[in-house]
Amino acid sequence: MNIPFLGDLLDLPAGVTRPTWVVLDVTGTYPERQPTRPIAALLNKADTVEALSAKAEKLAEADWLHGVLVRISEFTAAPATAHAIHEVLRRLSEKKRTVAYVPQLTMTALIAASGAKEIAAPESADVLLGGFATEPTYLGAFLKKHGIEFENLRIKEYKAALTRFSQDHMDDANREQLSAYLSGLEAAWATDLAAGRGVSEAEALAWLDADLTSAQGALDAGLIDRVAYEDELIGPGTRPLAAVIDLLMPKKPSDPKAGRVAVVSVVGSIVTGKSKNNPLPLPLLGGPMAGSDTVVAALRHAKEDKATKAIVVYVNSGGGSALASDLMHREIATSEKPVVVVMGEYAASGGYYLATHADKIVASPYTLTGSIGVVSGKPVTQEFNQRQGFRPERVGRDRALMYSPSRPYTDEERTHIEKGIAEVYDRFVTRVAEGRDLSKERVNELGRGRIWSGHDALELGLVDELGDLHRGLQLARELADLPADAPSWNATPKKQGPLPEFVQEASQAAQVGVWPFGNERVLTWFDQEVKVR
């Protein structure tokens, strides 16, 4: 941060030996934790919620500090992340005066800012309070125009993972579930803003229909506390955080004999094999992938570690491979140590499957979860091949080439696949029923591929409480009878093989294909392209 008028740290007003206010920047996407994979960690330049929380804790304990100015600018994090930052600022506000400076009054920026005691915005602030919405693009007609159709076999009507490819429009079931999900997000937004601004939830919701267009209008409505530019909020005793790092007291080490909590991350599409990253910018298939071999090995490492007394599994995934999800679930279900699952932006389909037998499930009110359903399918390029002069020739058993895109499924093959996904769905429903103490009939009512917000999932019994990773760690310590300050550590697989880990990771990344699920076509997967605005 470059604020020239702050001056040198030592150039403080007469009689002042230490800064009285600190400026804390909150900008960017804010992943929850630092990546555990070496290459990803090396390349990751973004600040994390974990790091922000550690800074806030140190500021809270600085007895020389009066207040913190939180600059929330160019904030592009998802609502679930914004809520976690809201909680960081709320905890800081219990010990220090906090003022959030917000040049762009957006839905997500206000979630985060409402954790501070006061909110200020410049006179020229952008005011973008249109509520939440999403706009998926359907490719069915486009693909068909180019000779490609998409087989989409799913259980059940709400399972929308492949509908963007198989249909040319949104069906009624998907529109219903997305509308309900977005309503849940707005209810959660109203809860956060009401608590932070000291108004009722009805008053907070009314701000979305108030046609607010300026900072002055937001002030008149009670949404913010002050219209001011940044220089009007900063005094001579204010310094940026970087200038006062040496003044912050290091955290006292906790008793190592008391035990610790392991954190295992499941981020990205769930696949069999090792975790990797697909660098290709493909819809649904690009980005990080959580491999069952890697996650299971990390869980076993945590279970075998004598100092570890509890495990937190952080999930930010729309699921993927049904097999991989079940293998992760099994490792959690057989743990003798308490396991708490914490849900991030997504914990849907396979991302929910693996969580069902955790001792506790914690979700953000903005989490997209549920999607208890199964899908299978393939693109069919028969007409495309004819147009382009491609001529696949088959030799051997047709069943062996069932998933080939060169022709549609036969009726017999379709019946075979439907039988298989019905078995997987029944297993999924059984896992949820057993883990959440619900009847299978009730789980089927909540399932059928339908998504839920964390806000609604709590009322339905699919999660135990609302919170973030900080709360998940608290809960894990409580379940294991650990002290409140017991340390946590990122559990990864034990080191294996002669090659350095970053070399192994680069080799695995090079093996990623366009279809990341290997030979599997039965998926507990949710289309993650639900980006709210």
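**Exercise 1. Work out how strand E5 is paired with E8, and then place both strands in their sheet.**

Step 1. In this predicted model, strand E5, which covers residues 118–121, pairs with E8 in the parallel sense, and two bridges link them. A residue pair that shows this pairing is Ala121 with its bridge partner Val227, which lies in E8.

Step 2. Now look at the whole sheet, which is open and built from six strands with parallel pairing, in the order E8-E5-E3-E2-E1-E9. Strand E8 (226–227) and strand E9 (238–240) stand at the edges, and because each has a single partner strand, one side of each is left without a neighbour in the sheet.

**Exercise 2. Find which helices lie on this sheet, and state how they are directed.**

Step 1. Begin with helix H2, residues 49–61, which lies across strand E1 (21–28) and strand E2 (67–75) and runs at about 170° to E1.

Step 2. Continue with helix H3, residues 79–93, which packs on the sheet and touches E1, E2 and strand E3 (97–101), while its direction makes about 170° with that of E2.

**Exercise 3. Describe the pairing of strand E19, and decide whether this strand is largely enclosed or largely open.**

Step 1. Strand E7 (residues 149–155) pairs with E19 in the antiparallel sense, over seven bridges, and within this pairing Glu151 stands opposite Lys378 of E19.

Step 2. To judge the surroundings of E19 (residues 374–380), use the cut-off that a buried residue has under 20% relative accessible area. Six of the seven residues of E19 are buried, and therefore the strand is largely enclosed by the rest of the structure.

**Exercise 4. Check the span of helix H12, and identify what covers its buried residues.**

Step 1. Helix H12 (residues 292–304) contains 13 residues, and the distance from its first C-alpha to its last is 18 Å, close to the 18 Å expected at 1.5 Å a residue.

Step 2. The buried residues of this helix are Ser292, Val295, Val296, Ala298, Leu299, His301 and Ala302. Their cover includes the strands E10 (260–267), E11 (269–271), E13 (287–291), E14 (308–317) and E22 (488–490), together with helix H13 (322–333).

**Exercise 5. Summarise the chain as a whole.**

Step 1. Counting its elements gives 20 helices and 23 strands, and of the 533 residues in the chain, 53% are buried.

Step 2. Among the contacts with a separation of 6 or more, 74% join residues 24 or more positions apart.

Step 3. Finally, the chain exposes about 24100 Å², of which carbon and sulfur atoms supply 52%.

Terms used:
Residues numbered from 1 in each chain as written. Predicted model: local features only at pLDDT ≥ 70, side-chain atom pairs only at ≥ 80, totals over all residues. Heavy atoms only, no water. Pairing = 2+ DSSP bridges. Helix = DSSP H or I, 4+ residues; strand = E, 2+ residues; numbered from the N terminus. Contact = heavy atoms within 4.5 Å. Axes fitted to C-alpha atoms, helices over the stretch in contact; angles between N-to-C directions. Buried < 20%, exposed > 50% of the residue type's maximum accessible area, 1.4 Å probe, protein only. Expected span 1.5 Å × (residues − 1). Areas by Shrake-Rupley, 256 points an atom, 1.4 Å probe, with all protein chains shown as cover.
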